[in-house]
Amino acid sequence: MLNRVDMISAEARTAWETWFRSQGLPPYFTNAQQGKGVLSVAKAAQDAGAAVNERRQKRGMRARPVRAVVLGFPNVGKSALINRLLKRKVVPSARKAGVTRQLRWVRISETLELLDSPGVLPALLKDQDAALKLAICDDIGEAAYDNQRIAMGFVDVLRSLHVSDATRPYIETLTERYGIGVEGINGEDYLHVLAEGNYQGDIERAARTLLRDYRVGNLGELLLEWPPE
Ligand SMILES: Nc1nc2c(ncn2[C@@H]2O[C@H](COP(=O)(O)OP(=O)(O)OP(=O)(O)O)[C@@H](O)[C@H]2O)c(=O)[nH]1
Ligand SMILES: [Mg+2]
C-alpha cells in the first residue's frame, strides 16, 4: 500500500506503479485521509487470508476473521487507514511521528481484523540519503534530527531532482513560495539567504517553515525519489 497518493503527481504515481508491477508487486495507492483506495486494501487483506479459511472449512472448522497487521514507517497514515475504514476515529492519528504507542486489534468487519501498530524504523539507518528523506517527510521523531541540517538537505535534494526543463517545478516552487531563487546556490547557503531575506536572520525559523510547507503540501507535488531505472 502506498499512502498519501494525493501528495504526488499523476506522472510520479504511474512511474512507481510501473516499477512495482515489474517487480511482481501490484501496488495499492491510497489517500487514507479522504478514503480513496482504502476499500481495495481491505479487500486485498481479506483475499490474502481466504486460503486459510478454505483449509479450515475443508477440515470442518468454522471460518474466522482474517487478521492482518498494518505495518510501516512512522507517520505514514497507518492509523488513518483504520479510522477511514470504520468511518470514525477509533485509534489516535495525528500529524507527527510516534502517535501510536501500542499494538491494538481493531475489528473492521465480521470478516476482517486489523492490528494497528507503532511505526517502525530500522535500528540503524546506515543509508544517509534514506535517513534524510525520512526526516524530510516527518517519519522520524523530531528529537532525532536537526531541522536546519534537514532543511538544507531538502533544498539540495530538490536541486538534484531538477535535471531538465520538465523538472523545473522542483526549484521554481521555492522562488514562487519565498520570492528567493535557488539556482546556483547550495542548500546551506539558500537557508541562510532565506533566513536573512524573510525571517530576520532566524535560520531555525526558516528551516521549520521550509519543512512544514513541504509536509503540508504548500510546495506542490514533489516526489523525493523516482523508481530505479
Ligand atoms: N495528505 C495526506 N495525509 C494523510 C494521508 N493519510 C494520513 N494522513 C495524515 O498523516 C498524519 C499521520 O497519520 P497517522 O494515521 O497518525 O500515521 P501513522 O502511520 O499511524 O503514524 P504512527 O502511529 O506515528 O506510526 C495524519 O495527520 C493524517 O491525517 C493521506 O493519504 N494524505
Ligand atoms: Mg498510528
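**Exercise 1. Find the polar contacts that arginine 4, threonine 100 and arginine 95 make with ligand 1 in this predicted model.**

Step 1. Start with arginine 4: a polar atom of its side chain sits 2.7 Å from an oxygen atom of ligand 1.

Step 2. Move on to threonine 100, where an N or O atom of the side chain is 2.8 Å from a ligand 1 oxygen.

Step 3. With arginine 95, look at the backbone instead: one of its N or O atoms lies 3.4 Å from an oxygen atom of ligand 1. The cut-off for a polar contact is a pair of N or O atoms within 3.5 Å, so the 3.4 Å pair of arginine 95 still counts.

Step 4. Now see how covered the ligand is. On its own, ligand 1 has 650 Å² of accessible area, and the protein covers 93% of that.

**Exercise 2. Describe the shell of residues around ligand 1.**

Step 1. Count the neighbours: there are 24 residues around ligand 1, and those that come nearest are Arg4, Asp6, Lys78, Ala80 and Thr100.

Step 2. Sort the shell by character, which gives eleven polar, eight nonpolar and five charged residues.

**Exercise 3. Work out how H6 packs against H9 and H8.**

Step 1. Two things are needed here: packed helices are described by the angle between their axes and the distance between those axes.

Step 2. Take H6 (residues 147-161) with H9 (residues 203-215): their axes come within 8 Å and cross at roughly 55 degrees. That angle makes H6 oblique to H9, and the crossing is left-handed.

Step 3. Next, pair H6 with H8 (residues 187-198). Here the axes are 8 Å apart, at an angle of about 115 degrees. H6 is therefore roughly perpendicular to H8, and this crossing is right-handed.

**Exercise 4. Place these helices in the whole protein chain.**

Step 1. Tally the secondary structure: the chain has nine helices and three strands.

Step 2. Read the order from the N terminus, which is α-α-α-β-α-β-β-α-α-α-α-α.

Step 3. Finish with the overall extent: along its principal axes, the C-alpha trace spans about 75 × 35 × 35 Å.

How values were computed:
Residues are numbered from 1 along each chain as its sequence is written. Chains are lettered from A and ligands numbered from 1 in the order in which they are written. This is a predicted model: local features need pLDDT of at least 70, side-chain atom pairs count only at pLDDT 80 or more; totals for chains, interfaces and linings use all residues. Side-chain values use heavy atoms; hydrogens and water are left out. A polar contact is a pair of N or O atoms within 3.5 Å; within protein, one must be able to donate a hydrogen and the other to accept it, and residues adjacent in sequence count only if both atoms are side-chain atoms. Accessible areas come from the Shrake-Rupley method with a 1.4 Å probe; for residues, only the protein chains shown count as cover. Ala, Val, Leu, Ile, Met, Phe, Trp, Tyr, Cys and Pro count as nonpolar, Asp, Glu, Lys and Arg as charged, and the others, Gly among them, as polar. Axes are lines fitted to C-alpha atoms, for helices over the stretch in contact, and angles run from 0 to 180 degrees between N-to-C directions. Helices (H or I, at least four residues) and strands (E, at least two) are DSSP runs, numbered from the N terminus. Angles under 35 degrees count as roughly parallel, over 145 as roughly antiparallel, 65 to 115 as roughly perpendicular and the rest as oblique. A crossing is left-handed if the near helix is turned anticlockwise from the far one by less than a right angle, and right-handed if clockwise.
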